[in-house]
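Please open the model in a viewer and keep the sequence panel beside it. The tour proceeds by selection, one region after another.

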Amino acid sequence: MLLEIHQVGKQYKKGVWALREINLQLRPGIVGLLGPNGAGKSTLMRILATISQPTAGTVTWNGVDIRKKPDELRCTLGYLPQDFGVYPHLNPIEFLEYAAALKGLGGRQMKTRILEILELLNLHHVLKHPIGSFSGGMRQRIGIAQALLNDPRLLIVDEPTVGLDPEERMRFRSLLTDLSGERIIIFSTHILSDIEATADQIAIMSKGQLLTNSDPTVLLRNV
Ligand code: ADP
Ligand code: ADP
């Protein structure tokens with residue numbers, strides 16, 4: 001599995017580049033995308049999630065241009081946007097069945113999969129409770145659950161720790177570690193401590209550009 005970002009740029013308004021000449025190669029493991037607000041993290045993630053088009057450059061998934069064959073990536077993509085919304089009156093099973101139906105996934109196997117995911121995310125004790133009654137950390141896990149329905153090889157999570165308390169942040173990090181294995185997980189944050197211990201690769205962004213991209217042990221040796 002290989003996701004390659006080659007000279008990617010994004011212009012929302014003429015003359016203003018939200019992203020410039022981004023080059024990255026991503027392999028299975030956790031990739032931490034670190035940068036302040038406005039750095040371009042969400043813009044890059046939306047392009048990788050195939051919901052926004054780059055103005056320049058190409059992205060390939062296992063060598064195939066995602067603009068030419070988006071479905072090759074979409075069928076194995078999980079995405080948790082920053083502004084992910086839940087239906088507060090639904091319980092986790094109802095919500096995930098609905099999310100699965102929207103993704104064209106269904107059937108008896110999907111019911112089993114939903115229960116497995118809820119167990120994995122430690123939500124099996126609240127199956128019948130409305131999501132509106134959940135804590136921030138539990139809601140984030142619902143967001144992750146919907147992104148895992150298709151057992152994706154590429155999981156993109158945009159600032160998932162915003163609004164979580166320190167303990168919830170810690171649990172969230174260990175969850176991503178459990179989920180990494182044979183997946184590429186891209187995790188954006190503006191807090192270094194979210195990723196310094198868990199990321200296999202850290203890419204630092206500022207003002208639409210990639211400043212560095214390396215193994216955290218190499219990166220943090222010089223701090
Ligand atoms: P982030 O917290 O990742 O920086 P933003 O607050 O920049 O997210 O963006 C939130 C939403 O608003 C996104 O859907 C983004 O596309 C949109 N948005 C951000 N900046 C602008 C802008 N200058 N003009 C129009 N839409 C914008
Ligand atoms: P980050 O996720 O790192 O906070 P974003 O990708 O949200 O950064 O934003 C990068 C830049 O692009 C910001 O200047 C933001 O205002 C701008 N931007 C983001 N989305 C839009 C949009 N839909 N339309 C116009 N400008 C946008």
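The stops below cover a sheet, two ligand sites, a loop residue, a helix and a strand residue. The model is a predicted one.

**Stop 1: the hairpin**

Begin by selecting residues 3–13, which are strand S1, together with residues 16–26, which are strand S2. The two strands pair in the antiparallel sense, and seven bridges join them. To follow the register, pick Glu4 and look across to S2, where Gln25 is its bridge partner. Then select Ile5, which stands opposite Leu24 in S2.

Move next to the turn. S1 and S2 form a hairpin, with two residues between the strands. Select Gly15 in this turn; its phi is positive, at about 85°.

**Stop 2: the sheet around the hairpin**

Widen the selection to include strand S4 (56–61) and strand S5 (64–65). Which order do the strands of this open sheet follow? Four strands take part, in the order S2-S1-S4-S5, with antiparallel pairing. S2 and S5 are the edge strands, since each pairs on one side only. Strands of a sheet pair through backbone hydrogen bonds, either parallel or antiparallel.

Return to S1 and select Gln7, which lies in that strand. Its phi is near 55°, a positive value in a residue other than glycine. Most residues other than glycine have a negative phi. Is Gln7 buried or partly exposed? Gln7 is partly exposed, with a relative accessible area of 33%.

**Stop 3: ligand 1**

Select ligand 1 and display the residues that surround it: Asn37, Ser42, Arg46 and Gln82. Three side chains deserve a distance label here.

- Ser42: an N or O atom of its side chain is 2.6 Å from an oxygen atom of ligand 1.
- Gln82: a polar atom of its side chain lies 2.9 Å from an oxygen atom of ligand 1.
- Arg46: a polar atom of its side chain lies 3.2 Å from an oxygen atom of ligand 1.

**Stop 4: ligand 2**

Now select ligand 2. The residues around it are Tyr12, Ala18, Pro36, Asn37, Gly38, Ala39, Gly40, Lys41, Ser42, Thr43 and Arg46. Asn37, Ser42 and Arg46 are thus among the residues around ligand 2, and they also appear around ligand 1.

Show the backbone atoms as well as the side chains for this step. A polar backbone atom of Gly38 is 2.7 Å from an oxygen atom of ligand 2. For Ala39, a polar backbone atom is 3.1 Å from an oxygen atom of the ligand. In Thr43, an N or O atom of the side chain is 2.5 Å from an oxygen atom of ligand 2.

**Stop 5: Thr50**

Select Thr50 in the loop between helix H1 (41–48) and strand S4 (56–61). Phi of Thr50 is near 65°, a positive value in a residue other than glycine. Thr50 is buried, with a relative accessible area of 9%. Leaving out residues up to four places away in sequence, Thr50 touches Ile66, Leu73 and Arg74. With Arg74 there is also a polar contact between the two side chains, at 2.7 Å.

**Stop 6: helix H6**

Select residues 166–179, which form helix H6. This helix has 14 residues and reaches 20 Å from its first C-alpha to its last, close to the 20 Å expected at 1.5 Å a residue.

Which residues of H6 are buried? They are Glu168, Arg169, Phe172, Arg173, Leu175, Leu176 and Leu179. These residues cover an arc of only 160° around the axis, and therefore lie on the same side of H6. Turn the helix to view the face directed away from that buried side: the exposed residues Pro166, Met170 and Asp178 are there.

To see the packing partners of the buried residues, display strand S3 (29–34), helix H4 (108–120), helix H5 (136–148), strand S7 (154–157), strand S8 (184–189) and helix H7 (192–195). Just after H6, select Gly181, whose phi is positive at about 45°.

**Stop 7: Gln209**

Finally, select Gln209 in strand S10 (residues 209–214). Gln209 is partly exposed, with a relative accessible area of 34%. Apart from neighbours within four places in sequence, Gln209 is in contact with Arg20, Ile22, Ala39 and Ile204. One of these, Ala39, was also seen around ligand 2. To close, label the C-alpha atoms of Gln209 and Gly9: they are separated by 9.2 Å, although the two residues are 200 residues apart along the chain.

Key. Residues are numbered from 1 along each chain as its sequence is written. Chains are lettered from A and ligands numbered from 1 in the order in which they are written. This is a predicted model: local features need pLDDT of at least 70, side-chain atom pairs count only at pLDDT 80 or more; totals for chains, interfaces and linings use all residues. Side-chain values use heavy atoms; hydrogens and water are left out. Two strands pair if DSSP finds at least two bridges between them. The expected span of a helix is 1.5 Å times one less than its number of residues. Buried means under 20% relative accessible area, exposed over 50%, partly exposed in between (1.4 Å probe, protein chains only). The arc is that of the directions from the helix axis to the C-beta atoms. Contact means heavy atoms within 4.5 Å. A residue is near a molecule or strand if one of its heavy atoms lies within 4 Å of it. A polar contact is a pair of N or O atoms within 3.5 Å; within protein, one must be able to donate a hydrogen and the other to accept it, and residues adjacent in sequence count only if both atoms are side-chain atoms.
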